[in-house]
Number of protein chains: 2
Amino acid sequence: DVSGVDAKSSHQTHTFPGLINVSTFIPQIGALDSENFRDATAASVSGGFSTALVLPLGKEDKIADGASLEAARANAGSAHCNFTLSLCATHQNVASMTEELQSEAKSLFIPFGVGPSNLSLADIASHFAAWSCGKPIITNASGSDLASVLFLASLHGRSVHVTDVTKGDDLLLIALSKAKHVSVTCDVSIYSLFYTTKQFPEATCLPSAEDNAALWSNLGVIDVFGVGSTPYRLAVDLGKVASARSGLEEALPLLLTAVSDGRLTMDDIRVRMHDNPLLIFGLPDQSSSQVEVVIGRTSLFTRKSDIWSPLDKSGVTGFVHRVVLHGHTAFLDGVISAPHGREISSSSIV
Amino acid sequence: DVSGVDAKSSHQTHTFPGLINVSTFIPQIGALDSENFRDATAASVSGGFSTALVLPLGKEDKIADGASLEAARANAGSAHCNFTLSLCATHQNVASMTEELQSEAKSLFIPFGVGPSNLSLADIASHFAAWSCGKPIITNASGSDLASVLFLASLHGRSVHVTDVTKGDDLLLIALSKAKHVSVTCDVSIYSLFYTTKQFPEATCLPSAEDNAALWSNLGVIDVFGVGSTPYRLAVDLGKVASARSGLEEALPLLLTAVSDGRLTMDDIRVRMHDNPLLIFGLPDQSSSQVEVVIGRTSLFTRKSDIWSPLDKSGVTGFVHRVVLHGHTAFLDGVISAPHGREISSSSIV
Ligand SMILES: [Zn+2]
Ligand SMILES: [Zn+2]
Ligand SMILES: [Zn+2]
Ligand SMILES: [Zn+2]
Ligand SMILES: [Zn+2]
Ligand SMILES: [Zn+2]
Ligand SMILES: [Zn+2]
Ligand SMILES: [Zn+2]
């Protein structure tokens with residue numbers, strides 16, 4: 001019973017440095033006058049993130065050239081947190097990846113399983129050859145596609161970040177690659193740590209219970225916890241209301257509850273949502289950004305929006321109290337301030 | 001006009017050391033009392049080969065355990081040339097690859113696109129870990145499957161031989177891998193050098209004209225010329241009579257005609273059918289085996305059997321005159337001697 005647990009627990013506050021969501025999904029990212037960018041960054045700040053690395057893949061659209069990059073940027077005018085934009089590799093666009101275009105983007109995303117025309121090995125090799133050495137390459141490849149990308153990366157002496165790992169086999173391949181000094185890092189979507197196809201058989205985006213167990217037993221191989229598109233896709237798969245906000249406010253309550261349950265430590269969270277994202281993505285550290293959380297007190301999950309959440313009516317034992325973004329309080333006890341996020345796509349410490 | 005060409009050409013004889021077909025395909029390899037083994041080795045000797053490395057994949061059956069290895073061996077009693085047997089990796093059989101079983105086989109074959117249950121990355125990794133370091137690993141992987149196998153091989157510090165390369169992209173991946181000191185070698189099936197889907201649109205086993213051109217322009221990347229299953233599959237695709245003999249007697253006439261045409265040299269043939277096969281597969285050199293060929297004289301292609309051949313009614317400018325197998329004349333001017341091939345699966349100079 002909830003109040004019993006509450007009575008027994010000793011809650012406390014804890015301050016993290018500014019947290020980074022390396023896989024921020026924004027549907028219709030380049031649609032004219034879309035409010036998705038504002039919604040996603042507002043939910044990011046409410047969820048405790050000071051920086052959103054935005055995926056260049058929306059629901060039906062993608063950022064793959066200068067025009068779509070400008071379109072996304074036009075929607076980012078009132079961002080509530082700092083953000084970066086990236087470019088998506090396609091079969092056609094390697095020739096258009098000019099130095100100027102690359103300089104405006106944080107990273108190159110090599111997509112799999114999205115749309116009909118998958119990239120050939122030759123396409124991927126061309127992109128590896130063309131993409132600036134100082135800028136990260138990200139992929140959502142799995143199985144033999146993942147092995148292909150890792151092999152081409154190692155042949156080209158490039159590092160790769162694998163996003164949204166959901167399979168134990170993929171994690172083992174990444175572990176083996178790391179052991180052999182292939183330069184690879186990875187993230188899992190936070191929902192993949194807490195939800196499986198056993199709970200949601202209709203879900204196409206979640207790991208099986210067995211794969212979920214493999215993620216937990218190989219936590220040391222997982223460099224980053226992200227939000228990803230999983231929450232949005234889960235809502236769609238279940239026929240629920242999905243939004244650019246989906247999953248962002250659930251991230252820390254889920255993780256902090258796992259800390260309460262003894263499955264994670266606060267350091268696990270800081271390393272995977274601040275330290276490692278900074279290193280992997282070459283982001284400037286923001287010493288004037290921080291997030292204060294409360295843990296150990298059970299309360300009903302609450303958020304600002306009326307979209308569906310798997311946490312609806314659930315008790316959580318951790319929540320975000322305050323977010324400070326470059327010295328300003330951007331979020332406090334459920335109230336969000338006026339937006340003043342800024343683009344940091346071109347900032348790099350690499 | 002044939003006699004005109006004949007009148008102009010100055011024919012000559014040339015002696016190769018014993019030639020090796022690294023990809024000898026035998027349909028129904030383990031079927032009770034099958035004559036395919038005898039037919040394939042008779043056609044091999046007639047075709048100029050002193051050694052046949054037999055693929056462990058038949059038409060519907062495969063050699064994947066001790067019982068099927070024994071069954072194939074039982075059919076090999078009257079082999080006309082020396083031969084080796086190999087084992088096929090499956091999803092289930094890694095645990096049964098005992099030292100004893102491995103010692104009886106020449107190599108491990110990792111198949112793709114054969115049958116419904118393809119190997120997972122985890123299966124392949126297990127086989128790499130279990131297979132004896134001194135014995136070759138062969139695969140027919142293509143595309144991202146090929147990249148996967150090469151990546152796992154490089155992670156496990158193993159070399160891999162890629163058989164029956166038909167795509168320019170695969171050859172480029174192999175070239176790139178070689179340049180980065182990944183230990184990989186490859187063969188192309190001789191039919192893939194001379195026939196394309198442009199000539200035979202129904203063929204599923206041949207390269208496109210574009211891929212065929214890529215093979216020719218990257219000849220330096222191709223370590224070995226083999227016969228493979230391509231001739232058999234081509235006959236099947238075209239609804240013609242296919243046999244264990246298919247393609248074996250066509251191999252040298254096709255290659256020697258290309259020498260006549262200035263597209264290949266005799267050294268190209270010797271290196272890719274004797275020197276490199278010996279090195280890659282760790283075979284003992286047979287100094288008492290050799291093949292005498294005639295080149296430069298145009299004649300109608302002839303052979304012993306009445307199966308279909310793409311060379312039927314074609315002029316060729318090279319043919320096999322005599323084959324000497326460990327000191328005996330095994331083939332002379334169209335006449336084959338009594339069989340005395342022997343198994344050399346366990347012989348190794350590695
Ligand atoms: Zn603390
Ligand atoms: Zn920091
Ligand atoms: Zn406070
Ligand atoms: Zn500010
Ligand atoms: Zn000569
Ligand atoms: Zn020799
Ligand atoms: Zn003679
Ligand atoms: Zn003899």
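The following exchange goes through how some labels are earned in this predicted model.

Trainee: What makes His326(A) count as buried?

Mentor: Buried means under 20% relative accessible area. His326(A) has 19% relative accessibility, so the label buried applies.

Trainee: Why is His328(A) called partly exposed?

Mentor: The relative accessible area of His328(A) is 42%. Partly exposed lies between the limits of 20% and 50%, so His328(A) gets that label.

Trainee: Why are these two histidines called donors of the zinc ion (ligand 4)?

Mentor: A donor here is an N, O or S atom within 2.8 Å of the metal. ND1 of His326(A) and NE2 of His328(A) lie 2.5 to 2.7 Å from the zinc ion, so they qualify. Water is not among the atoms, so the site may look incomplete.

Trainee: Is Met97(A) buried or exposed?

Mentor: Met97(A) has a relative accessible area of 6%, which is under 20%, so Met97(A) is buried. Met97(A) sits in the loop between strand S5 (87-88) and helix H4 (99-103) of chain A. Beyond four places in sequence, its contacts include Leu87(A), His127(A) and Trp131(A).

Trainee: What makes the relation between chain A and chain B that of a two-fold axis?

Mentor: Chain A superposes on chain B by a rotation of 180° with 0.1 Å of shift along the axis, at an RMSD of 0.0 Å. That is the relation of a two-fold axis.

Trainee: How do you know that the copies meet through the same surface?

Mentor: Of the interface residues of chain A, 100% are also interface residues in chain B, so the copies meet through the same surface.

Methods:
Residues are numbered from 1 along each chain as its sequence is written. Chains are lettered from A and ligands numbered from 1 in the order in which they are written. This is a predicted model: local features need pLDDT of at least 70, side-chain atom pairs count only at pLDDT 80 or more; totals for chains, interfaces and linings use all residues. Side-chain values use heavy atoms; hydrogens and water are left out. Copies are superposed by least squares on the C-alpha atoms of residues with pLDDT of at least 70 in both. Contact means heavy atoms within 4.5 Å. Donors are N, O and S atoms within 2.8 Å of the metal (3.2 Å for Na, K and Ca); water is not among the atoms, so sites may look incomplete. Buried means under 20% relative accessible area, exposed over 50%, partly exposed in between (1.4 Å probe, protein chains only). Helices (H or I, at least four residues) and strands (E, at least two) are DSSP runs, numbered from the N terminus.
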